[in-house]
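Subject: Structure handover

Hi,

Here is the structure I promised to pass on to you. Please have a look at it first, and then read my notes below.

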Amino acid sequence: ARQGEYVKCSWVVCNSGRVAWPEDARITLFYQSVEGCAPEGVEIPSEVLPGQTVEVEVWVKAAEDFVGSFTGLYSLTSPSDGTFGEVLKCEFEVEDFPYMKAEEQEAEEQDAGEQEELKAEEQSEEGGVEVIACSVVCEGEVTGGEESKEECVIGRVSESLGKEVAVEAMLKNCTGRDLEGAVLKHVQGCDHGVGTIEVGKWCAGEVVHVAMGLKVSKLGTTSWVVEEGGRVILPALSVDLM
């Protein structure tokens, strides 16, 4: 436990006698190695008949200025019948580290992680992948696409089912940083035999050429994203197959 932290101590006790425990039965503290940590006692939840068991618990606060082993000893007592039963021991180690300081440190680390994720997302939104040039060739009718913040549809192909579509694009890394082990990965629609294209190290500002031949077996929008180390970084391009 850390300094100032509350520790739960619980026991399952059994009435092994021949009569029910008194209604005023409780567990009572009679020793603690560090004063002011453990509560003086707690009531037994209900009358316990012979053979029955009951769980009792106390919350002990680790001293804020103590390091080492804490021990608290309780016994079953009754104002009407005195002390009975075995001694109940509560024991734990107290670390040399304040509980609230640890909580603050964990919160700061979590906030720092969230800020890094937010920064990465902002970089992706501000930069991303720019399509410098593209070409979509098919026997069917091909029209131009449209670029948006979310994705770039580089072409729309009509009556493409069962046909072959050749796609080429020049893509620029506008994220502001180098991407290690980058790949162009299919994520939406039928991959048409092209699931992943290896890019490798993709330096900031560098333009790479990608080309793929699609055998259209299913209509709809087919899209690719850029991945780095198995993590999706940003959307890249899409082709509408109609």
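The notes below go through the overall picture, then the disulfide and the other cysteines, then the salt bridges.

**Overall picture**

Please keep in mind that this is a predicted model. The protein has 15 strands alongside one helix. Of its 242 residues, 36% are buried. Taking the contacts with a separation of 6 or more, 67% are between residues 24 or more positions apart. The accessible surface comes to about 13800 Å², and carbon and sulfur atoms hold 47% of that area.

**Cysteines**

How many disulfides does the count come to? The count is one, and the disulfide joins Cys 9 to Cys 90, with an S to S distance of 1.9 Å. This pair links distant parts of the chain: Cys 9 sits in strand 1, while Cys 90 belongs to strand 6 (residues 82–94), 81 residues apart. Are these two cysteines buried or exposed? Cys 9 counts as buried at 8% relative accessibility, and Cys 90 counts as buried too, at 1%.

Cys 14, with 42% relative accessibility, is partly exposed. Cys 37 is in no disulfide. Its nearest cysteine sulfur is that of Cys 90, 10.0 Å away, and a disulfide needs the two sulfur atoms within 2.5 Å. Cys 37 is itself buried, with a relative accessible area of 10%.

**Salt bridges**

Side chains of opposite charge can pair when their charged atoms come close. The count here comes to five salt bridges, and I would like to walk you through some of them.

Let me start with Glu 57, which forms a salt bridge with Lys 8; their closest N and O atoms are 3.2 Å apart. Glu 57 lies in strand 4 (residues 53–61) and Lys 8 in strand 1 (residues 6–14), so the salt bridge ties together parts of the chain that are 49 residues apart in sequence. Strand 1 is also where Cys 9 of the disulfide is found. Both partners of this salt bridge are partly exposed: Glu 57 has a relative accessible area of 33%, and Lys 8 has one of 43%.

Next, the side chains of Glu 43 and Arg 26 meet in a salt bridge, at 2.7 Å from N to O. This is again a link between distant parts of the chain, with Glu 43 in strand 3 (residues 41–43) and Arg 26 in strand 2 (residues 26–32), 17 residues apart. Glu 43 is partly exposed, with a relative accessible area of 45%. Arg 26 counts as partly exposed at 21% relative accessibility; the cut-off for buried is under 20%.

Further along the chain, Glu 228 forms a salt bridge with Arg 177, and the closest N and O atoms are 2.9 Å apart. Which parts does this pair tie together? Glu 228 lies in strand 14 (residues 220–228), whereas Arg 177 is in the loop between strand 10 (164–173) and strand 11 (179–188), so the pair ties together parts that are 51 residues apart in sequence. Glu 228 counts as buried, at 14% relative accessibility, whereas Arg 177 is partly exposed, with a relative accessible area of 29%.

That is what I have for now. Enjoy looking through it!

Best wishes

Notes:
Residues are numbered from 1 along each chain as its sequence is written. This is a predicted model: local features need pLDDT of at least 70, side-chain atom pairs count only at pLDDT 80 or more; totals for chains, interfaces and linings use all residues. Side-chain values use heavy atoms; hydrogens and water are left out. A salt bridge is a side-chain nitrogen of Lys or Arg within 4 Å of a carboxyl oxygen of Asp or Glu. Helices (H or I, at least four residues) and strands (E, at least two) are DSSP runs, numbered from the N terminus. Buried means under 20% relative accessible area, exposed over 50%, partly exposed in between (1.4 Å probe, protein chains only). Contact means heavy atoms within 4.5 Å. Accessible areas come from the Shrake-Rupley method with a 1.4 Å probe; for residues, only the protein chains shown count as cover.
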